[in-house]
Amino acid sequence: MDLLDWHRDRLSARRLTVLIRQLPHDSALNRELHGEAADWSVTDHLLAAAVDHLAAANWMFASVNSEEGDQPDPPAPVPRPSYDDGTETGDGEAPDESEPEKTAAAADATPSTVQLARFFG
């Protein structure tokens, strides 16, 4: 596929948009736009959450079963990619969600990497 076909009027803007939206999550464009976050799948987020919970459970067990002055340090969470999701406007306020059809459509969509990071973070 030659992207110059769009400039030559052989490729419609709709078709170009469809092609871009259907790129795999690990594509070069997604890595450029989202950085390391593009490499994290749902499975990766679930594994990181499981490791964090196991470490916290082990820390709690060790804390309860150790002497008062000999408490272990709490575990550090698994590092996750940082996200710049654009869900806040420049003044720090959340976007206006007064349009119910957009909110309903967003609820039916597959969660984005930013939403996954917030859920598992």
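**Figure 1. Overall view of the predicted chain and its burial.** Buried residues make up 16% of the 121 residues in this chain, which is shown as a predicted model. The chain holds 6 helices and 0 strands, and its elements follow the pattern α-α-α-α-α-α along the sequence. The accessible surface comes to about 9,800 Å²; carbon and sulfur atoms account for 56% of that surface. Of the contacts with a separation of 6 or more, 49% are between residues 24 or more positions apart.

**Figure 2. Confidence along the predicted chain.** The average pLDDT of the chain is 76, and 76% of the residues score at least 70. Among the elements, helix 4 (residues 42–64) has the highest mean pLDDT, at 92, whereas helix 5 (residues 100–108) has the lowest, at 50. Over residues 86–101 the pLDDT stays under 50. For residues 86–101 the model has 6 contacts beyond four places in sequence.

**Figure 3. Close-up of helix 4.** The helix comprises 23 residues, and its end C-alpha atoms are 33 Å apart. This separation agrees with the expected span, because 23 residues at 1.5 Å a residue should also cover 33 Å. The buried residues of helix 4 are His45, Ala48, Ala49, Asp52 and Ser63. In general, an α-helix has 3.6 residues a turn, so residues three or four places apart point the same way. Helix 4 is also the element with the highest mean pLDDT of the chain.

**Figure 4. Salt-bridge network of Asp2, Asp5, Arg8 and Arg10.** A search of the whole structure finds 4 salt bridges, and the three described here involve aspartate 2, aspartate 5, arginine 8 and arginine 10. Aspartate 2 is paired with arginine 8, with the closest N and O atoms 2.9 Å apart. Aspartate 2 is partly exposed, at 34% relative accessibility, and arginine 8 is likewise partly exposed, at 39%. Arginine 8 also meets aspartate 5 in a salt bridge, at 3.2 Å from N to O. A further salt bridge joins the side chains of aspartate 5 and arginine 10, at 3.7 Å from N to O. Aspartate 5 counts as buried because its relative accessible area is 17%, below the cut-off of 20%. Arginine 10 is exposed, with a relative accessible area of 64%. Through shared partners, these salt bridges join Asp2, Asp5, Arg8 and Arg10 into one network.

**Figure 5. Aspartate 9 in the loop between helix 1 and helix 2.** Aspartate 9 is found in the loop that links helix 1 (4–7) with helix 2. Its phi is near 65°, a positive value in a residue other than glycine. Aspartate 9 has a relative accessibility of 71% and therefore counts as exposed, the cut-off being over 50%.

**Figure 6. Nonpolar surface patch formed by Ile20, Leu23, Leu29 and Leu33.** The side chains of Ile20, Leu23, Leu29 and Leu33 make a nonpolar surface patch of about 340 Å². Isoleucine 20 belongs to helix 2 (residues 13–21). With a relative accessible area of 43%, isoleucine 20 is partly exposed, and it can therefore enter a patch, for which over 30% is required.

**Figure 7. Asparagine 30 and arginine 31 in helix 3.** Both asparagine 30 and arginine 31 lie in helix 3, which covers residues 28–34. Asparagine 30 is buried, with a relative accessible area of 17%, whereas arginine 31 is partly exposed, with a value of 39%. Residues up to four places away in sequence being left out, asparagine 30 touches Leu23, Pro24, His25, Gly35 and Ala38. On the same basis, the contacts of arginine 31 are with Asp26, Ala38 and Asp39. Ala38 is thus touched by asparagine 30 and by arginine 31. Leu23, a contact of asparagine 30, is also one of the residues of the nonpolar patch.

Conventions
Residues numbered from 1 in each chain as written. Predicted model: local features only at pLDDT ≥ 70, side-chain atom pairs only at ≥ 80, totals over all residues. Heavy atoms only, no water. Patch = residues over 30% accessible without salt bridge, like charges linked within 9 Å, V, L, I, M, F, W, Y side chains within 5 Å. Areas by Shrake-Rupley, 256 points an atom, 1.4 Å probe, with all protein chains shown as cover. Helix = DSSP H or I, 4+ residues; strand = E, 2+ residues; numbered from the N terminus. Buried < 20%, exposed > 50% of the residue type's maximum accessible area, 1.4 Å probe, protein only. Contact = heavy atoms within 4.5 Å. pLDDT = per-residue confidence, 0-100. Expected span 1.5 Å × (residues − 1).
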